[in-house]
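Explain the internal cavity and the aromatic contacts of this protein, with the cut-offs behind each term.

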Amino acid sequence: MEYEHKAKTVADCLLSYKRDESGWKVCKKSNDVVVSWRPSSEFPGNVYKGEGIVSGSLEKVWECLKPVPNGLRVKWDKNVKRFELLEQITEDISICRTVTPSAAMGIIAPRDFVDVILVKQYDDGTISSNATNVCHTGCPPQSGYVRGYNHRCGCICVPISGEPSKTQVFTFFQTDLGGFLPRSVVDSFFPSSMAEFYSNLAQTVKSLKDL
């Protein structure tokens, strides 16, 4: 029940981030995405918000984003090297381990994250992936990886009324990368990484055959 409760509070939190326009400062903007940040209330870092329109049906976009082992996410998201299911709690809630490669020209070493993840669907067709860090006996810290901690984060895919071939995608990241990284490295990594995330997502959605 603790896992379930924790996962459900993430979904509520991300909706509040999406609705609350106050305090966000734009740090990167392109044709595809606007990335903003504000101080996190959960750890001494920032929460980052990405917002963009992806050309593709919600079904196609979600197919690329959904958090499942052997899913498409590992193939296109350069920050996801491996994704492992540790335990299925309910049909919609799972405990997973995500392995990330080294980044920022090797300054950021490979990391792993253990999260409870809730997939939630709403009456208007919106679907979201909601995650936050947990401890799990089946996955203690491992040599070769710095254990990082995702605070409430995830993706929200929103259908656009009258435009079934477009999907609004919100992403939220507030990640404690662990280790002893300079704050400047972390602050420069996330905006660029999120912009690349949207670009790679859009290319992958475009390449999919009709679902």
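The paragraphs below take the cavity, then one residue of a helix, then the aromatic rings.

The model is predicted: local features need pLDDT of at least 70, side-chain atom pairs count only at pLDDT 80 or more, and totals for chains, interfaces and linings use all residues. Residues are numbered from 1 along each chain as its sequence is written, and side-chain values use heavy atoms, with hydrogens and water left out.

Rolling a probe the size of a water molecule over the atoms shows where empty space is left. Here a cavity is a set of points, on a 1 Å grid over the protein atoms alone, where a 1.4 Å probe fits but cannot get out, and lining residues have an atom within 4 Å of a point. Points are joined across faces, edges and corners, and a volume is the space filled by probe spheres set on the points. The whole structure holds 1 cavity of 30 Å³ or more, with a volume of about 600 Å³. Its lining has 35 residues, and Arg73, Val80, Thr98, Asn150 and Phe173 lie nearest the centre. Elements that give two or more residues to this lining include α3 (73-76), β5 (93-100) and α4 (183-207); helices (H or I, at least four residues) and strands (E, at least two) are DSSP runs numbered from the N terminus. The largest share, 5 residues, comes from α4. By type the lining divides into 22 nonpolar, 8 polar and 5 charged residues, where Ala, Val, Leu, Ile, Met, Phe, Trp, Tyr, Cys and Pro count as nonpolar, Asp, Glu, Lys and Arg as charged, and the others, Gly among them, as polar.

Helix α3 also contains Val74. This residue is partly exposed, at 27% relative accessible area (buried is under 20%, exposed over 50%, partly exposed in between; 1.4 Å probe, protein chains only). Leaving out residues up to four places away in sequence, Val74 touches Val80, Lys81 and Phe83, contact being heavy atoms within 4.5 Å.

Rings of Phe, Tyr and Trp (its six-membered ring) pair if their centres lie within 6.5 Å; planes under 30 degrees apart count as stacked, over 60 as edge-to-face and the rest as tilted. The count comes to 8 aromatic pairs. Tyr48 and Phe190 are stacked because their ring centres are 5.4 Å apart and their planes at 20°. This pair links strand β3 (residues 46-55) to helix α4 across 142 residues. Tyr48 is buried at 4%, and Phe190 is buried at 7%. Phe197 and Tyr198 pair edge-to-face, at 5.7 Å and 70°, and join Trp76 and Phe173 in one aromatic cluster.

How values were computed
1 Å grid on protein atoms, 1.4 Å probe; cavity = no way out; pocket = protein on both sides within 12 Å on 5 of 7 lines; lining within 4 Å.
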